[in-house]
Amino acid sequence: MSKHRKGRASMDLTPKEIAALLQASRITEEEIQHWHSDFLHQNPSGELDKKTFIDYYKKLHPQHELSTSFDQIFDTIDVNRDGLIDFNEFLVVVVLMDRLNDLGSRLSFVFDMWDQSGDEQIDQKELANVISAIYDRAGVIDRKGERDPKRRAKDIIAKLDLSGDKKLSKDEFITGCKTDPVIRNLLAPNF
């Protein structure tokens with residue numbers, strides 16, 4: 001059984017927490033829910049210690065140079081000083097980082113969240129999982145024909161895959177979402 005987040009019985013976000021995150025950011029509720037789900041998938045305890053935080057943050061922002069150390073960032077957001085941060089505390093970092101202000105940076109963040117294998121590419125299986133999750137959140141029940149997540153993933157990869165390796169690199173994903181509003185609306189709504 002996983003630990004309780006900050007002494008709470010549930011790791012679900014409360015309506016009050018969602019409202020506070022929405023007010024403090026330009027991130028939509030759907031994005032918050034997606035990132036929360038991914039956070040819990042990557043960190044089943046619902047918490048990160050300092051080392052895990054640094055590793056996770058570097059995965060999300062490999063090129064991001066910081067003027068302050070990761071230790072200082074962690075210590076700043078660990079407001080109760082228990083040596084752990086939860087999703088809300090982690091999202092504070094995400095919200096405060098200016099790099100999420102432009103479309104390319106936000107799409108880069110989405111790509112990193114969806115790259116479940118960590119190989120810096122999204123394959124058809126990963127993309128089908130994302131599409132299924134999007135359908136789940138949107139309440140889409142009909143998943144046959146053109147709406148089949150596997151078929152949609154295959155079609156999107158065929159359209160955006162410039163290298164021919166049947167996977168999407170980050171550049172292919174970002175360029176494709178920027179240039180194709182239909183794909184962007186499916187994969188990155190509200191961007």
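Among contacts in the chain between residues at least 6 apart in sequence, what percentage join residues at least 24 apart? In this predicted model, the figure is 59%. I shall return to some of the residues that take part in contacts, but I begin with the overall layout.

The chain contains 10 helices and 4 strands. From one end of the sequence to the other, these elements follow the order α-α-β-α-α-β-α-α-β-α-α-β-α-α. The chain has 191 residues, and 43% of them count as buried. Its exposed area comes to about 10,500 Å², of which carbon and sulfur atoms supply 51%.

Let me turn to the interior. In soluble globular proteins, nonpolar side chains tend to be buried together. Here, the largest nonpolar core comprises 44 residues, and those with the most contacts inside it are F53, W114, L127, F173 and L187. Helix α7 makes the greatest contribution to this core, with 6 residues. The core also draws on both domains, taking at least three residues from each of domain 1 (15-99) and domain 2 (105-187).

I should now like to consider L127, which is one of the residues named for the core. L127 lies in helix α7, which spans residues 124-138. Is L127 buried or exposed? Its relative accessibility is 0%, so L127 counts as buried. With neighbours within four places in sequence set aside, L127 is in contact with I122, A153, I156, I157, L168 and L187. As for P149, the C-alpha atoms of L127 and P149 lie 8.1 Å apart, with a separation of 22 residues in sequence.

L187 appears among the contacts of L127, and L187 has its own list. Again leaving aside neighbours within four places in sequence, L187 is in contact with W114, L127, I131, I134, I156, F173 and C177. Of the residues on that list, W114, L127 and F173 are also named among those with the most contacts inside the core.

F173 brings me to the aromatic rings. How many aromatic pairs are counted? The count comes to 1 aromatic pair. The ring centres of F111 and F173 are 5.7 Å apart and the planes stand at 55°, so the pair is tilted. This pair links distant parts of the chain: F111 belongs to helix α6 (residues 103-114) and F173 to helix α9 (residues 170-179), with the two positions 62 residues apart in sequence numbering. Both F111 and F173 are buried.

To close, I would direct attention to L127, L187 and F173 in the structure above, each of which is named among the residues with the most contacts inside the core.

Definitions and conventions. Residues are numbered from 1 along each chain as its sequence is written. This is a predicted model: local features need pLDDT of at least 70, side-chain atom pairs count only at pLDDT 80 or more; totals for chains, interfaces and linings use all residues. Side-chain values use heavy atoms; hydrogens and water are left out. Buried means under 20% relative accessible area, exposed over 50%, partly exposed in between (1.4 Å probe, protein chains only). Contact means heavy atoms within 4.5 Å. Rings of Phe, Tyr and Trp (its six-membered ring) pair if their centres lie within 6.5 Å; planes under 30 degrees apart count as stacked, over 60 as edge-to-face and the rest as tilted. Accessible areas come from the Shrake-Rupley method with a 1.4 Å probe; for residues, only the protein chains shown count as cover. A nonpolar core is a set of buried Ala, Val, Leu, Ile, Met, Phe, Trp, Tyr and Cys residues joined through side-chain atoms within 4.5 Å. Domain bounds come from an automatic or database domain assignment.
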